[in-house]
Amino acid sequence: MGHEMNGKSKIFKRAICMGAVSYLALMINAPSTVHAQTLQSSSSALPAVTVDAPKPQAKRRAAVRPSSRVRSTSSNVARNRGTEQAAQESVVDGRGRLERGTGPVDGYLAHQSVSGTKTDTPLLTTPQSISVVTQDQIAAQGAQSVQDALQYTPGVSLQSYGANAFFDGFKIRGFNAVSYLDGLRLPADSTTFAIPKIETYGLERLEVVKGPSSGLYGQTEPGGFLNMVSKRPTATTHYDFETTFGNFNYKQGAFDIGGPIDKNGEFLYRIVGLGRLADTQTDFMQNNMAFIAPSFTWRPTNDTSFTILSQYQKIDNKGYQQYLPGQVTFLPNPNGHVPYNTYIGEPAFDGYKLEQKSIGYAFEHRFDNNLQFRQNFRYMEVDNDLRSVRSEGMDPANPTQLVARSYNYVKAHSQNVTLDNQLQADFRTGPVTHKVLLGFDFLHQTGHVDYRTQGSQAFGGTFPSINPYNPVYGAVPTPFDALSPFILNNNKIDQAGLYAQDQMKLDRWTLTLTGRQDFVNTSLTSLSPAFYPPPNEYSRSDSAQTGRVGLNYLFDNGVSPYISYSTSFVPNTGAAAGSTTPFKPTTGDGKEIGVKFMPNGMNLMMTAALFEINQNDILTGNPTIFFTSLQTDSARSRGFEFEVRGNVTRELEIIGGYTRLDTKITKSLAPAAANNLGKHLQAAPEDQASLWAKYTWYNGPMAGFGLGAGVRYVGKSWGDGQNTFVIPDHTLLDAAVSYDFSYLRPDMKGWSAQITAKNLTNKYYVESCLTGLAYCGLGTARTVLGTLRYSWK
């Protein structure tokens, strides 16, 4: 324990020192003034570089209000697009807040984002598809998890671990996707299970960035990634309290309070907390959780801010997420299909604990009108303790009625330190306006896993099968210490990246150029007597150059066509079963052409895109040795995507989307048993469509009421890499009704109530199968939640 704490301390100090040195160096070398200059050559002269004179920092004023020159409604962003492009204008939302790419959004439509460019840039002029799920959408739909929040997002398919999953798994445009929080990568390792689960109540927004993005972020999959933005302190005081009850004994309380500490607004705070006690649709399974996220901001001047972001979360539940074989859930069976509440584990022995904690900061300093520096840092660690039965398919002794089971233990720990430095310069060279970003980021991640399993009696082990139609419990698993490790390893990754970006505007054109150089060291030490990978040390060093080029044009009527090309790079740890050669990095590239449209006078945006993505040296599941991988395949994903979100009228808000996806394995060098050439990517539905609409009455006898309804269609998809079976399509209905009590009586201002229903018709369906027919996850049964809120400012 002493060595472990000492190691953590060194990691933490190393990252702090790197951040301090980078900032001090910047302060020492930053010029106090920026001069116009003209560079001569033997044949011609470049245009003069012109910048505004630097302004001294001002002390924090008592109140910060939008300038009277800022347009008062977001719909005006689409107007007056002369030489001063609307994309450069500020946006004030319906609540009088100046919208920022990391801040709150009024309604369903965000106008600004930092995820696509790492600068606060309008979505309308970002040459990439980005879907932003706002906190208002999360609340209106009653989303209780990240997967819930993404269900109406085109291009996203959910990777089901069962309806009560303790991991958030999803794919974007057919490829696995990683998650970021506040622009910094979260710990992730497919073999440790020590993966954080982010609470949606603590988020301001979720941003799905589609297509390769390694040019700014380093190691990301080519389909895209998810960046979640935490709630931060605000300059206005607010107090929000809510309580929620629902079926499956669901009970939850939450609060969100914050505002200025002093009258000048120099010090701000926010505390977000949530507690939940709940059963689930599956017998003997719980969904309990405690979450707290304090944050604090110091703004000594109008040009400097320092925000501390922290969170702690603990999950301690009986039971664990359940897989069920396809033979008892959606394939023909003389006994029918098992119901939603079926549990094939052992209630007396199954359980799951996850503890995660993090602390970090976001620092911003503006030197003058043209130069600013940002630094984001976080330290996070996650501990997992799992004891659970898992399906291993049907028992050959009775293939229609008995499910083979194994018992599994996982003790895992992961931690990472992430740091991102950004220097932004805004200036002009003749008629061209530049927004130049220079950055350096660093990731240090370590993990440890001890995974032990008691094999199925049906396949040579000792753990007995069960009849899911009439389960009889009582099997006693072999103790953890009496089993040999299947996986026992320490893994580490160190990554440093240098990147540069220039967003160049010429009249209505915007050209975005991004380039990055990564240096990565990966190592995995498999300890004896682990089975996979064979005990050895697997390490390699890699470097990669990635980038993006994007171009868009903004018309007066709000139409913004764009085109882009970008690349991706993902280092891998470990090796194939029986091999001592480490896996190579996975690389990819993507092309996209599309158009964004924000009609004049409307708070509504539509995006349509055609795309093609290619990925090489993919890790695929080994069909003969479970939990191991082969690196043999290349794949292609191409398709069409459409999204609309915002206000049709003041009363009517909508979110709609459609995705048509065509995926294919374009190269496969595996043995015949694992050859996937010509097959489709697993768990990538060919068609997806969704529409959510909510109508709110502000006048008349219905004033205060809101009615929402949604429909989600998920088309058929292939259940495994070899395309041996198809998961059927399904259509689900959702609904919501809300009421603002201030319309009933003025003294009830701040009180509101809402009822949401997911899968209103209780449709029975399978979401996906993890790697094959033995590991299928049932969808979510009808879930009804009622929430009472009280808010005041």
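**Salt bridges and an open sheet**

A salt bridge joins the side chains of Asp747 and Arg745, with an N to O distance of 3.0 Å. The model examined here is a predicted one. Within this pair, Asp747 is exposed, its relative accessible area being 59%, whereas Arg745 is partly exposed at 44% relative accessibility. Asp747 qualifies as exposed because its 59% lies over the 50% cut-off.

This contact belongs to a wider set, as the structure holds 34 salt bridges. Another of these brings together the side chains of Glu381 and Lys357, at 3.8 Å from N to O. This pair links distant parts of the chain: Glu381 sits in strand S18 (residues 371-394) and Lys357 in strand S17 (residues 351-366), with their positions 24 residues apart in the numbering. Glu381 has a relative accessible area of 8% and is therefore buried, given that the term applies under 20%. Its partner, Lys357, is partly exposed, with a relative accessibility of 33%.

A further salt bridge is found between the side chains of Asp662 and Arg636, where N and O are 3.3 Å apart. Asp662 lies in strand S28 (residues 652-668) and Arg636 in strand S27 (residues 629-647), so this contact ties together parts of the chain that are 26 residues apart in sequence. Here the acidic partner, Asp662, is partly exposed at a relative accessible area of 34%, while Arg636 is buried at 9%. In the Glu381 and Lys357 pair, by contrast, the buried residue is Glu381, and Lys357 is the partly exposed one.

Salt bridges also connect residues into a network, one that links Lys118, Asp420, Asp441, Arg516 and Asp518.

Turning to the strands, an open sheet is formed by five of them, arranged in the order S4-S10-S11-S8-S9 with mixed pairing. Its edges are strand S4 (130-134) and strand S9 (184-185), each of which pairs on one side only. Strands of a sheet pair through backbone hydrogen bonds, in either a parallel or an antiparallel sense. For strand S8 (residues 178-181) and S9, the sense is antiparallel, and the pairing runs over two bridges. Two bridges are enough for S8 and S9 to count as paired, because the criterion is at least two. At the level of residues, Tyr180 has Arg185 of S9 as its bridge partner.

Key:
Residues are numbered from 1 along each chain as its sequence is written. This is a predicted model: local features need pLDDT of at least 70, side-chain atom pairs count only at pLDDT 80 or more; totals for chains, interfaces and linings use all residues. Side-chain values use heavy atoms; hydrogens and water are left out. A salt bridge is a side-chain nitrogen of Lys or Arg within 4 Å of a carboxyl oxygen of Asp or Glu. Helices (H or I, at least four residues) and strands (E, at least two) are DSSP runs, numbered from the N terminus. Buried means under 20% relative accessible area, exposed over 50%, partly exposed in between (1.4 Å probe, protein chains only).
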